[in-house]
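Grab your viewer and work through the exercises below. Try each task yourself before you read its solution.

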Amino acid sequence: MSLADQIAAIFAEARKAKEREPRFGISDAHGCARSKVYSFRLFEETGRPVEFQRPVRWGLAADCGTAVGAALEAAALRLGHATQGQAAMGEIRGPSDIVLSGDHGLDIKVAGGWKWRKIQHEPDPEHRRQVATYAHILEKPKWALLYIDGRSIFTAGEEVEWVLHEGAVVPELVAATVGFWAVVQKHLNDKTLPARMEPGSFECTVCPHAARCWEM
Ligand code: SF4
């Protein structure tokens, strides 16, 4: 096998991923509820999370985001803030990135390209829902989202570019998290499936359950 073929094989292998063990995660309370029901059922049947393939870039971006978050969380911890605060509301749970000693629960997101342009004036609604839920459970009245331009990490100069959004924790944001998992739980209990998304939805093109979902 040539060197180039070996590298291509490594990239092909890096496409393989598997879901986390299904959980009622605060950060997972979005997207297709039907897909969540499949994930819970299959895990119950097999004891293993679902395996799937994704573009290599997506996995690398997620890994970069995790590493950047860890570095900034460590700095925040040294400054006396709390990090990875475990937020739990019944079975709905998840770790908040940083719980500032002031009024805010803070999450860090690394963005690039289209996403970076999109969050210049408004945060991603899903990110806002997540961080507001963490803040509510951890008894902070405000949420904050720190977006970092991933490309600026690798460009010349000493500063990274960032955008900060903040807001009050309002009941609707927390209710959206609770409501999403209530739908999934009801279908699990009733042994039914939520409706499919529209054919051709982006979620379906990357869904590990697409074959079983659309073959039914
Ligand atoms: S294929 Fe589409 S509708 Fe079916 S579970 Fe996946 S995301 Fe949902």
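A residue counts as buried if 20 or more other C-beta atoms lie within 10 Å of its own, as exposed if 12 or fewer do, and as partly exposed in between. By that rule, E4 is mostly covered, with 6 of its 8 residues buried. Keep in mind that this is a predicted model.

**Exercise 1. Get an overview of the chain.**

Task: work out how many helices and strands the chain has, and what percentage of its residues count as buried.

Solution. Begin with the secondary structure: the chain holds 8 helices and 7 strands. Next, check the extent of the C-alpha trace, which spans about 55 × 50 × 30 Å along its principal axes. Then go through the burial counts: 26% of the 216 residues are buried. Finally, turn to the contacts with a separation of 6 or more, where residues 24 or more positions apart make up 67%.

**Exercise 2. Contrast two helices.**

Task: find out whether H1 is mostly or hardly covered, then ask the same of H5.

Solution. Take the geometry of H1 (residues 3-14) to start with. Its 12 residues should span 16 Å at 1.5 Å a residue, and its end C-alpha atoms are 17 Å apart, so the two values agree. Now count burial: H1 is hardly covered, with 0 buried residues.

Move on to H5 (residues 125-137). Its 13 residues reach 18 Å from first C-alpha to last, close to the expected 18 Å. Burial is another story here, as 10 of the 13 residues in H5 are buried. Among them are Arg 128, Arg 129, Gln 130 and His 136. What does the covering? The cover over the buried residues of H5 includes strands E3 (82-89), E4 (92-99), E5 (104-111) and E6 (142-149), along with helix H6 (171-190).

**Exercise 3. Trace the core.**

Task: say which residues have the most contacts inside the largest nonpolar core.

Solution. This core has 30 residues, and the ones with the most contacts inside it are Val 131, Ala 132, Tyr 134, Ala 135, Trp 143 and Trp 181. Next, map the core onto the secondary structure: H2, E4, E5, H5, E6 and H6 each give two or more residues to it. To zoom in, pick Ala 132 and skip its neighbours within four places in sequence. What remains is contact with Trp 143, Val 169, Leu 173 and Val 174.

**Exercise 4. Follow the strand pairing around E4.**

Task: determine how many bridges join E3 to E4 and how many join E4 to E5.

Solution. On one side, E3 and E4 run antiparallel and are joined by 7 bridges. One pair to look up is Met 89 with its bridge partner Ile 92. The E3-E4 hairpin has 2 residues between the strands, and Gly 90 takes a positive phi near 65° there. On the other side, E4 and E5 also run antiparallel, joined by 2 bridges. Here Ile 98 has Leu 106 as its bridge partner, and the hairpin of E4 and E5 has 4 residues between the strands.

**Exercise 5. Check the unusual backbone angles.**

Task: for Gln 84 and Glu 139, give the value of phi, then say where each residue sits.

Solution. Start from the general expectation: most residues other than glycine have a negative phi. Gln 84 has a positive phi of about 50° although it is not a glycine. Gln 84 belongs to strand E3, and it is partly exposed because 14 other C-beta atoms lie within 10 Å.

Glu 139 has a positive phi too, near 60°. Glu 139 is in the loop between H5 and E6. It has 10 C-beta neighbours inside 10 Å, so it counts as exposed.

**Exercise 6. Describe the shell around the ligand.**

Task: identify which residues come nearest to the ligand and which helix gives the most to the shell around it.

Solution. The shell has 13 residues, of which Cys 32, Arg 196, Cys 204, Cys 207 and Cys 213 come nearest. Sort the shell by class and you get 7 nonpolar, 3 polar and 3 charged residues. Then look at the helices: H2 (33-46), H7 (202-205) and H8 (210-215) each supply at least two shell residues. H2 gives the most, with 3 residues.

Notes. Residues are numbered from 1 along each chain as its sequence is written. This is a predicted model: local features need pLDDT of at least 70, side-chain atom pairs count only at pLDDT 80 or more; totals for chains, interfaces and linings use all residues. A residue is near a molecule or strand if its C-beta atom, placed from the backbone, lies within 6 Å of it. Ala, Val, Leu, Ile, Met, Phe, Trp, Tyr, Cys and Pro count as nonpolar, Asp, Glu, Lys and Arg as charged, and the others, Gly among them, as polar. The expected span of a helix is 1.5 Å times one less than its number of residues. Two residues are in contact if their C-beta atoms, placed from the backbone, lie within 7 Å. A nonpolar core is a set of buried Ala, Val, Leu, Ile, Met, Phe, Trp, Tyr and Cys residues joined through C-beta atoms within 7 Å. Two strands pair if DSSP finds at least two bridges between them.
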